[in-house]
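This report examines a single protein chain, beginning with one residue and widening to the fold around that residue. The sequence and the coordinates are shown first.

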Amino acid sequence: MTGVRFLFRVTLRRCDLAAEVWHIKKPPKLPPVLSPEEVKRVLTMATSLKAQTMLTLVYGCGLRAGEVVRPRAGDTDSAQMIIRIVQSKGLKDRNVKLPAEVPDLLRQWWKVRPTRHDAGVAPEQRWLFLPCRSQHRPLTTRQFRRLFKEAVKDGELRKALSLHTLRHSFATHLLERGTDIGPIQALLGHDKLETTARYTRVATA
C-alpha cells in the first residue's frame with residue numbers, strides 16, 4: 001500500500017487517488033499464553049540440548065525467534081549476566097538480562113556444539129548456534145520454529161501455538177509476579193507502551 005501511494009502521489013501526481021488508499025485495521029486479539037507448567041513441559045520435551053537452550057532463551061529473556069538465531073559468542077556476557085541483541089526489529093540494539101540458569105545451558109551447548117564452520121573465524125564472532133549450510137549465515141528461524149513444533153507435539157499441548165507464544169508468556173508471567181510494565185517494555189524492545197500494555201488483559205493476577 002505504501003508503494004501504491006507513492007505511485008499515485010509522486011509518479012503520477014494524483015494526490016486525489018492517493019487519499020483514497022486506506023489501511024484496514026486488524027481487530028485486536030489477545031495473544032495466546034502458556035501457563036508456567038506448560039512452558040516447563042515444552043522446555044523439557046525439547047528434542048536436543050540445542051533446542052532446549054534456544055527455547056529457554058526465548059522464554060527466559062523474552063526474545064524474538066530472529067534474536068535467538070543471530071547472536072554470536074561475543075554477544076553474551078556471563079559476568080554481567082546479559083545478552084546483547086544487535087540490530088533487531090527497528091534496527092535497534094539492546095541488552096537483555098540472562099536468567100540464572102541460562103549461562104550454564106549455554107556453556108553445556110558450547111562444549112558439544114559442532115565446530116566445522118569455526119575455521120578462520122575469531123572466537124567472539126562464531127555463531128552461538130550452528131549455521132545451516134554456510135558459515136556466513138546463522139540458523140534460520142524456520143528451522144527454529146520446527147524445533148518448537150516438535151517440542152509442543154511431544155508435550156501433547158493441544159493449543160494453537162507459535163514460537164512467539166513463549167515471548168508472550170514471558171511478558172505475562174512477569175506481570176503476574178508484580179514486575180512494573182516499564183522494565184518489561186524495555187526487555188521486549190517495544191517502542192510504544194501500548195504494545196506492552198496488552199499483556200495486562202491476559203495476566204490473571
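Arg167 lies in helix α8, which covers residues 164-176. The model is a predicted one, and the values below are computed from its atoms.

**Arg167 and its surroundings**

Is Arg167 buried or exposed in this model? With a relative accessible area of 1%, Arg167 counts as buried, because the cut-off for that class is under 20%. Leaving aside residues up to four places away in sequence, Arg167 is in contact with Val58, Gly62, Leu63, Arg64, Glu67, Arg94, Leu188 and His190. Pro71 provides a reference distance: Pro71 and Arg167 are separated by 96 residues in sequence, and their C-alpha atoms lie 17 Å apart.

**A second buried position in α8**

Helix α8 also holds Thr172. Thr172 has a relative accessible area of 1% and is therefore buried. Beyond residues up to four places away in sequence, the contacts of Thr172 are Val33, Tyr199, Val202 and Ala203.

**Helix α4**

Val58, one of the residues touched by Arg167, belongs to the buried set of α4. Helix α4 runs over residues 49-61 and contains 13 residues. From first to last C-alpha, α4 reaches 18 Å, which is close to the 18 Å expected at 1.5 Å a residue.

How many of the 13 residues of α4 are buried? The number is 11, and the helix is accordingly described as mostly covered. The buried residues are Lys50, Ala51, Thr53, Met54, Leu55, Thr56, Leu57, Val58, Tyr59, Gly60 and Cys61. In general, an α-helix has 3.6 residues a turn, so residues three or four places apart point the same way. Helix α4 is followed by Gly62, with a positive phi near 70°. Gly62 is also among the contacts of Arg167.

**The three-stranded sheet**

The sheet is open and has 3 strands in the order β1-β2-β3, paired in the antiparallel sense. Its edge strands are β1 (76-77) and β3 (94-97), each of which pairs on one side only. Strands of a sheet pair through backbone hydrogen bonds, either parallel or antiparallel.

Strand β2, covering residues 82-85, is joined to β1 by 2 bridges in an antiparallel arrangement. On the β1 side, Thr76 has Ile83 of β2 as its bridge partner, while Asp77 stands opposite Ile82 of β2. The two strands form a hairpin with 4 residues between them, and Met81 in the turn has a positive phi of about 60°.

On the other pairing, β2 and β3 run antiparallel and are joined by 4 bridges. Arg84 is placed opposite Asn95 of β3. Arg94, within the range 94-97 given for β3, is among the residues that touch Arg167.

**Residues with positive phi**

Which residues have a positive phi in this model? Among them are the four in the table, two of which are also described below by their exposure.

| Residue | Phi |
|---|---|
| Arg13 | near 55° |
| Gly62 | near 70° |
| Met81 | about 60° |
| Gln87 | near 50° |

Arg13 sits in the loop between α1 (2-11) and α2 (15-18). Its relative accessible area is 69%, so Arg13 is classed as exposed, the limit for that class being over 50%. Gln87 is located in the loop between β2 and β3. With a relative accessible area of 41%, Gln87 is partly exposed. For both Arg13 and Gln87, the positive phi occurs in a residue other than glycine.

**The chain as a whole**

The chain contains 10 helices and 3 strands. In sequence order, these elements follow the pattern α-α-α-α-α-β-β-β-α-α-α-α-α. The C-alpha trace spans about 65 × 50 × 35 Å along its principal axes.

Of the 205 residues in the chain, 41% are buried. Among contacts with a separation of 6 or more, 56% link residues 24 or more positions apart. The exposed area is about 12,400 Å², of which carbon and sulfur atoms supply 54%. The chain has 37 positive and 19 negative charges, and the mean positions of these two groups are 6 Å apart.

Terms used: Residues numbered from 1 in each chain as written. Predicted model: local features only at pLDDT ≥ 70, side-chain atom pairs only at ≥ 80, totals over all residues. Heavy atoms only, no water. Expected span 1.5 Å × (residues − 1). Buried < 20%, exposed > 50% of the residue type's maximum accessible area, 1.4 Å probe, protein only. Pairing = 2+ DSSP bridges. Contact = heavy atoms within 4.5 Å. Areas by Shrake-Rupley, 256 points an atom, 1.4 Å probe, with all protein chains shown as cover. Lys, Arg positive; Asp, Glu negative; His and termini not counted. Charge placed at Lys NZ, Arg CZ, Asp CG, Glu CD.
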